[in-house]
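Let's take a friendly walk through this structure, looking at its empty spaces, its rings and its cysteines. Have the model open beside you as you read.

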Amino acid sequence: MKRKVLAACFCISIFLLAGCEKTPEETIVREKNAGNVKNYKSGEESKNSLRERLAAPKNYKNLKTYEDGKLVIDTDANVIVPDANEVNTYAVSAMELDQDLIDTVTNAFFEGDKIYMGYLYSIQTKEDLQEKITLLKKYKAQGNLDPYMYGTDENGNLQFDIDKVIENYQEQLKTAPDKPKKVEVKPALNLEYETEKGKEIDESHFEGVVETEHGNYHYVFTNALKPDLSFRITKIRDDLPDPMGSTNWTEGKFLSEDEESENYIPEEMIKDKIGISFEEAKKTAQEKVDKLGLGLSLADWDYSVFYQGETGASKEGMLDAGYLFCFARELDGVPVTYTISMGGGLPDMDSTLEPWSYEICNIIVGDDGIESMELMSPYQMGGVVTENVQLLDFNSIINIYEQMMEVSNADIVNYEAQRTFHIRTIKFGYSRIYDPAADNDTGLMVPVWDFFGGFEYVALDGEVSERNSGERSSQSFLTINAIDGTVIDRGLGY
């Protein structure tokens, strides 16, 4: 376990202007460096709750307008502060993808199940190919020559040549196997694979197919993008109207608010499709997560919709639905805050840094068990770095929030006629920061404030193009270090 901790953040000295009607002309930003964490200090012991110490209200409400009304920050938020007395900072590092971790995940989800080499199992059989040929011929007979909306090239020719695809499938049909080729395997790295080029060894990737009583699953894990690693489990669907059409799971929050959107699906319609109670689904997910032994607990949840369609989810394209459960760690009674940001981004396209994503554990549960699971970049927790760390009070954080929402969004008026942010939740929790320029697999868990919500905007042509009240949002529009007031870029992870 590495003990070196290198944290990075933008350090912003906020000055307040009377009235705040114009965007400030200057904001002082210090360079990213690891020195800030050395200045973190322990506070005095207190019997008061964390909310009392921070002087944080249960609700904060304020309405600010800028740029002659073109930018509006509408804050009417519940202020969530965990029931704790003090918080620490912790060393953290990236967990390695070794055989112990592989076995732990495998046994948590597939103990006792048969697992086969995915490359061989997934080779199309005669039945698979014939089904596709029959379907494409049906599309052609109906006059639908572009069923997957590939569109045309610069010369106006269809990019999807339906006749050529049918011909290719018919040629493959001659040598296709009657049944899948099953080669049982123990999930691991460095397995030997049979390919058209001969035998190969994959040092950073595994792909298998698992047969269970609830159906078959794709099981994939990789550490090709170190220090990131990921496990993905996806149910193989045999009930698709079109086995070649694109399918996906998407979160309910993106579907059930804007009734004028072509992707709108009412909440009641999603709930009717699920076929399992919330509590039953939650129990199923938690039992699997507990077996991972990472100390994760439920941090957030949403509905999730499984759909088929080339233009995204829709009422007509919805095939199934379930509950999405998002799990995170809890330190000293304070959870790691869940957001939709994965972290691990790069500052620009030319960057040579090797980024490190956040720890993520998301599970979708439907009426037939686990539908999907993603475990990304689990943490190896270290010891306490600063005990009972000193924190800024809530008022200081709010001053930073209100100016930074103004500063960071001032250029929106160049692209939109008007934008209104609706901030509906202000949450205190932990986040990981690190310095990828110095060390990309160790960091620090620090307390932060996140500001969650949605927005609506009017395009320059006057069309309203987005409507999101922010009531169910897991998108944080600003993250502030609760210790020193520095702003953390959720997309970058520092």
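Strands here are DSSP runs of at least two residues, numbered from the N terminus. Please keep in mind that this is a predicted model.

With that in hand, start at a small space. The second largest cavity has a volume of about 30 Å³. Its lining is made of Asn 62, Lys 64, Tyr 66, Ile 73, Thr 75, Tyr 401 and Glu 402. Strand S3 (59-66) provides the largest share of that lining, three residues, and strand S4 (71-80) and helix H8 (394-409) also supply at least two residues each. By class, the lining of this second largest cavity has three nonpolar, two polar and two charged residues.

The structure holds two cavities of 30 Å³ or more, so let's visit the other one. The largest cavity contains about 180 Å³ of space. Its lining counts 18 residues, and Val 336, Thr 337, Tyr 338, Tyr 358 and Glu 359 lie nearest the centre. S16 contributes the largest share, three residues, while S14 and strand S19 (416-435) are also among the elements that each supply at least two. The lining of the largest cavity divides into 10 nonpolar, five polar and three charged residues.

Now turn to the open spaces. The largest pocket has a volume of about 1,600 Å³. Of the 49 residues that line this pocket, His 218, Thr 234, Lys 235, Ile 236 and Arg 237 lie nearest its centre. Helix H4 (126-141), strand S10 (215-222) and strand S11 (230-235) are among the elements that give two or more residues to the lining, but S12 gives the most, with five. The pocket lining holds 17 nonpolar, 15 polar and 17 charged residues.

Next, the rings. The count comes to 30 aromatic pairs. One aromatic cluster is formed by Phe 110, Phe 206, Tyr 217, Tyr 219, Phe 221 and Phe 231. Charges join in too: the charged end of Lys 182 sits over the ring of Tyr 116, 5.6 Å from its centre, and that of Lys 427 sits over the ring of Phe 452, 5.4 Å from its centre.

Finally, how many disulfides does the structure hold? There are zero. Cys 326 is unpaired because its sulfur lies 9.1 Å from the closest cysteine sulfur, in Cys 361, too far for a bond; a disulfide needs the two sulfur atoms within 2.5 Å. Both cysteines are nonetheless tucked away from the surface: Cys 326 is buried at 2% relative accessibility, and Cys 361 is buried at 1%.

Terms used. Residues numbered from 1 in each chain as written. Predicted model: local features only at pLDDT ≥ 70, side-chain atom pairs only at ≥ 80, totals over all residues. Heavy atoms only, no water. Buried < 20%, exposed > 50% of the residue type's maximum accessible area, 1.4 Å probe, protein only. 1 Å grid on protein atoms, 1.4 Å probe; cavity = no way out; pocket = protein on both sides within 12 Å on 5 of 7 lines; lining within 4 Å. Points joined across faces, edges and corners; volume = space filled by probe spheres on them. Helix = DSSP H or I, 4+ residues; strand = E, 2+ residues; numbered from the N terminus. Nonpolar A, V, L, I, M, F, W, Y, C, P; charged D, E, K, R; others polar. Phe/Tyr/Trp six-rings, centres within 6.5 Å; stacked < 30°, edge-to-face > 60°. Lys NZ or Arg CZ within 6 Å of the ring centre and 35° of its normal.
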